[in-house]
Amino acid sequence: MSVRELVVLGTASQVPTRHRNHNGYLLRWDGEGILFDPGEGTQRQMLRAGAAAHDLNRICVTHFHGDHSLGLAGVIQRINLDKVPHEITAHYPRSGQRFFDRLRYATAYRETVALTEAPVDTDGPLHRTPGYTLEARRLSHPVEAFGYRLVEPDGRRMLPDRLAAHGIKGPDIGRIQREGTLDGVPLEEVSEVRRGQRFAFVMDTRLCDGVYALAEGCDMLVIESTFLDEDEELAVEFGHLTAGQAARVAQDAGVRHLVLTHFSQRYTDPEEFERQARAAGYEGELTVAHDLLRVPLPKRR
């Protein structure tokens, strides 16, 4: 059975706290694992969450600030120590190649795994599989940053009443799905479009076109809300979002499940992020993330 869920490994902005690890997010998408922004301590958080190096197929780094990338060294070395048998691909801003190199070879170890480097330098598709297309969009931060988005291809949902009306049953259902027509009956006559799921990951950024492009129509949006609304000037200065800004993006983009994360250590009441997000008008499902939380993607529409 396929599993699609977000495993939150860390939620702290800039520095870890007593209760929040540096960033780290594992997306389980059917049989694949995509690790986003492994900050310091990610390897241990994976252990606590029951996630292994063997679960990883792809690593996506939004930018090279420490809270989003210092865990790369440990994760990469663990992948090699455990001799992961499959290829793993790493995406990151091309402008940060020197940082990736330093983290990949931070200390001596034996390389046993094929780690493919696939740096990002432009908007658009990065990789296609039968299950999804991975896309990137440029964000607005003091250093170059990209957000990521997974888009599942649309499928078709069979309609039992229409199948019955045309006398299509048993093996013939699979046949019309494969061939597109059966005895003059087109597939469109007995089915409807089943929209593919969409997931977006948006970290450190001001409001910009890239944020809206990534969020558009998403079933789940994982987005930073470093500041509360009363500190919006600080958010703009340092290249971040507030809870209200993130929520308005989600509402305007038609996001079904909004996950707020990346919280400044200055705030001690996580419920205030939810209150401000609701006050900004977001009406969908809302999660204020905490470490080691598991969040299933919404069921298909």
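**Pockets, salt bridges and fold: a conversation**

Modeller: In this predicted model, the second largest pocket is lined by Thr 17, His 19, Arg 20, Phe 263, Ser 264, Gln 265, Tyr 267, Thr 268, Asp 269, Pro 270 and Phe 273. Its volume is about 210 Å³.

Biologist: What makes these residues count as the lining of the second largest pocket?

Modeller: Lining residues have an atom within 4 Å of a pocket point, so Thr 17, Phe 273 and the others in that list qualify.

Biologist: How do you know the class make-up of the second largest pocket's lining?

Modeller: The lining sorts into four nonpolar, five polar and two charged residues. Phe, Tyr and Pro count as nonpolar, so Phe 263, Tyr 267, Pro 270 and Phe 273 fall in that class. Arg and Asp count as charged, which places Arg 20 and Asp 269 there.

Biologist: And the largest pocket: which residues are closest to its centre?

Modeller: That pocket holds about 330 Å³ of space. It has 15 lining residues, and Ser 13, Gln 14, Thr 226, Phe 238 and His 240 are the closest to its centre. By class, nine of the lining residues are polar, three are nonpolar and three are charged.

Biologist: Let's turn to the charged pairs. Why do you call the contact between Asp 121 and Arg 94 a salt bridge?

Modeller: The N to O distance between their side chains is 2.9 Å. The cut-off for such a pair is 4 Å, so this one qualifies. Asp 121 sits in the loop between β6 (115–117) and β7 (124–128), while Arg 94 is in the loop between β5 (88–91) and α4 (97–104), so the pair links distant parts of the chain, 27 residues apart.

Biologist: How do you know whether Asp 121 and Arg 94 are buried or exposed?

Modeller: Neither extreme fits, in fact. Asp 121 has a relative accessible area of 40% and Arg 94 has 43%. Buried means under 20% and exposed means over 50%, so both count as partly exposed.

Biologist: What makes Glu 117 and Arg 104 a salt bridge?

Modeller: Their closest N and O atoms are 2.6 Å apart, and that is within the 4 Å limit. Glu 117 belongs to strand β6 and Arg 104 to helix α4, so this bridge ties together parts 13 residues apart in sequence.

Biologist: Why is Arg 104 called buried, and what is Glu 117 called?

Modeller: Arg 104 has 8% relative accessibility, under the 20% cut-off, so it counts as buried. Glu 117, at 31%, lies between the two cut-offs and is therefore partly exposed.

Biologist: How do you know that Glu 144 and Arg 138 meet in a salt bridge?

Modeller: The N to O distance is 2.2 Å, again within 4 Å. Glu 144, at 27%, and Arg 138, at 34%, are both partly exposed. Elsewhere, salt bridges with shared partners join Arg 4, Asp 30, Glu 152 and Arg 300 into one network. The structure holds 18 salt bridges.

Biologist: Stepping back to the whole chain, why is it called as compact as a globular protein of its length?

Modeller: The chain has ten helices and 18 strands. Its radius of gyration is 21 Å and the globule rule gives 19 Å for 301 residues; the two are close, so the description fits. The C-alpha trace spans about 65 × 50 × 35 Å along its principal axes.

Biologist: What share of the residues count as buried?

Modeller: Of the 301 residues, 53% do, with under 20% relative accessible area as the test.

Technical notes:
Residues are numbered from 1 along each chain as its sequence is written. This is a predicted model: local features need pLDDT of at least 70, side-chain atom pairs count only at pLDDT 80 or more; totals for chains, interfaces and linings use all residues. Side-chain values use heavy atoms; hydrogens and water are left out. Helices (H or I, at least four residues) and strands (E, at least two) are DSSP runs, numbered from the N terminus. Buried means under 20% relative accessible area, exposed over 50%, partly exposed in between (1.4 Å probe, protein chains only). On a 1 Å grid over the protein atoms alone, a cavity is a set of points where a 1.4 Å probe fits but cannot get out, and a pocket is an open set with protein on both sides within 12 Å along at least five of seven lines; lining residues have an atom within 4 Å of a point. Grid points are joined across faces, edges and corners, and a volume is the space filled by probe spheres set on the points. The radius of gyration is taken over C-alpha atoms; the globule rule is 2.2 Å times the number of residues to the power 0.38.
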